[in-house]
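Q: I have a sequence and a structure in front of me. Can you take me through how to read them, one feature at a time?

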Amino acid sequence: MIKLIGIEKTYDSPSGKVHALKGIDLNIARGEIYGIIGLSGAGKSTLVRCINMLERPTAGKVIVDGQDMTTLTESQLREARKSIGMIFQHFNLLSSATVYDNIAFPLKLYGMNANDIGKKVRPLLELVGLSDKAQQYPSQLSGGQKQRVGIARALASDPKILLCDEATSALDPQTTKSILDLIKVINQNLSLTVVVITHEMQVIKQLCDKVAVISEGVIAERGSVLDVFTNPRHDITKEFISVLLSNELPAAFRGNEISQDRTPGSLLLLRLIFLGERADDPVLAKMIRTCKGVECTMLFGNLDEIHGVPFGRFIIGLSGDDSAINSALNFLGGQDVRVEVIGYVRRNSAAVE
Amino acid sequence: MFAEILPLLSKALGETIYMVVVSMVIASAIGVPLGVLLHTTAKGQILENVVINQTVGSVVNAVRSIPFIILMVAIIPLTRFLVGSAIGTTAAIVPLVIASIPFIGRQVETSLKEVPAGLVEAAQSMGATPFQIISRVLLPEAMPGIVSQLTTVIIALVGESAMAGAIGGGGLGDLAIRYGYQRFRPEVMLATVVVLIVLVQLVQFVGNTLAKRLDKR
């Protein structure tokens, strides 16, 4: 549906040329919710604006629904933009127009008559749950309601694509969730292709099928949300994920020296990651039964879900003699669980007392 | 005595209102599009054109830097060409219009600058033409500000029209100078000042009310 080929964008700034995008290739399939995550200044907003040509790439091609956007004339481009809806962080509603008129705005641009506009706007008001607010002005609405108006307005022209530029970044967590749910419903019911720009991993986790991590104008990592979450490769990705899934050791071990060799009184800490149906297999119970002489302490545990797939993360501490520990490691190696050996760490004495 | 002043006052008030209203209508008809041009051709705007922007901007600055009393005399040939005479109330309208156009232009430009860029971007993302962006986004969104700014222009026009006496334009200012000052009639001076104060207050009140009603922010 959307194909970006070798997108580059350079700006002239007083301090010289700024290379915002350095060769981005991206494929977004029809009906997909594709997340693009990056820190501010990473180029993600520029990238999404290249899709509807609000920013013209310096080099590269933007193919939307088989059409190369970079070769269109101004009027062809205006026509093409009708099939690409967009919502914004600050909503960008007309303060001088009512909710109804804001949603009707794109239709008025296309010269639709008032009767047809009504037929179009009323179901949209209903879809976003604002039928009773039709005659109010944006200033009378909450942030979440404003974004709902933004969504309804973006949908008014029956687009095939919805671009969301930090659409929930100005909203509180509860409102964010309701807006993300709404986007998901729209994606499913209207089989809309959705591109989501965000700096919040929570948004990616809750909403997206696929994700691209953008850093300094290049895509550092991409893949299905589940893959990227459970097996992040790039440091920047790990950092994003760590906001949601802490990588820190439990408090009793934090700050102590981690050694690969056994030291007296230390536990061998392992990070276990369970995925899918295996997340509820009794792997640890089996290990204790199978490997005699190993002691297992549960230090941290978290069960989550990404796209309905259970996803468990645990930190356990093993003790026992070398052979017992080795047999435990071997056992775990043969199971459907990802094992990461952290090392031998002593427990804080303060925490013991 | 009051009965004697009253016809003078009402005639002068009529002339002032005539000059202000006609000048305002003509100057707005040119000044508002000028403001739109100044804003939209600026860097980063929808019709970005540095050459036009800077040329028009310089002309606007040049006209604005001429004191009104000098402008009035300096353009006498133009006035004579346009209205057939260089003296009288109608003749005074020409310099009033010329002085007000760049003033309105800058004021409108200022109001348009207040419209968040995101709104223009949103309209562009929906496929709006530059003309649609001007007529359906920029002007409606800036309207409360434009109304406030135009109120200021009207009040400035009331002040400038007082100088119209210099070219036989009549009006309240002329009355105050000729009767109040030159004929030592302080009561005429006082009455004129009171009428001017009431007039300006009224204009400001109407302007504020209208701007407030338009403002849905």
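Q: Which residue is the bridge partner of Ile63(A) in E5(A)?

A: This is a predicted model, so read each pairing as part of a prediction. In E5(A), Ile63(A) has Asp68(A) as its bridge partner. The two strands involved, E4 (residues 59-64) of chain A and E5(A), run antiparallel and are paired over 2 bridges.

Q: What is the order of the strands in the open sheet of chain A?

A: To read a sheet, go from one edge to the other and name each strand in turn. Here there are 4 strands, in the order E2-E1-E4-E5 (chain A), and the pairing is antiparallel.

Q: Why is one side of strand E2 and of strand E5 of chain A left without a neighbour in the sheet?

A: Strands E2 (16-28) and E5 (67-68) of chain A are at the edges and have a single partner strand each, so one side of each has no neighbour in the sheet.

Q: Which helix packs on the sheet?

A: Helix H1 (residues 44-51) of chain A does, and it touches E1 (2-13), E2 and E4 of chain A. The direction of H1(A) makes about 120° with that of E1(A).

Q: Into which domains is chain A divided?

A: For domains, look at the bounds, then at how the parts touch. Chain A has domain 1 (2-244) and domain 2 (258-352). Their C-alpha centres are 41 Å apart. The contact between them involves 5 residues of domain 1 of chain A and 6 residues of domain 2 of chain A. On the domain 1 side, helix H8 (residues 225-230) of chain A gives the most, with 4 residues. By class, that side of domain 1 of chain A has 3 nonpolar residues, 1 polar and 1 charged.

Q: How many residues of chain A are in contact with chain B?

A: For two chains, count the residues on each side, then ask which elements supply them. In this complex 18 residues of chain A are in contact with 17 of chain B. On the chain A side, the elements giving two or more residues are helix H2 (74-81) and helix H3 (99-109) of chain A. H2(A) has the largest share, 3 residues. The classes on that side of chain A are 7 nonpolar, 7 polar and 4 charged.

Q: Where in chain B is confidence lowest, and where is it highest?

A: Where pLDDT is low, the predicted coordinates should not be read in detail. Chain B has a mean pLDDT of 93, with 100% of its residues at 70 or more. Confidence in chain B is lowest in helix H8 (residues 172-182), with a mean of 86, and highest in helix H2 (residues 50-64), at 96. For the complex, the predictor gives an ipTM of 0.87 and a pTM of 0.86.

Methods
Residues are numbered from 1 along each chain as its sequence is written. Chains are lettered from A and ligands numbered from 1 in the order in which they are written. This is a predicted model: local features need pLDDT of at least 70, side-chain atom pairs count only at pLDDT 80 or more; totals for chains, interfaces and linings use all residues. pLDDT is the predictor's confidence in each residue, from 0 to 100. Two strands pair if DSSP finds at least two bridges between them. Two residues are in contact if their C-beta atoms, placed from the backbone, lie within 7 Å. Axes are lines fitted to C-alpha atoms, for helices over the stretch in contact, and angles run from 0 to 180 degrees between N-to-C directions. Domain bounds come from an automatic or database domain assignment. Ala, Val, Leu, Ile, Met, Phe, Trp, Tyr, Cys and Pro count as nonpolar, Asp, Glu, Lys and Arg as charged, and the others, Gly among them, as polar.
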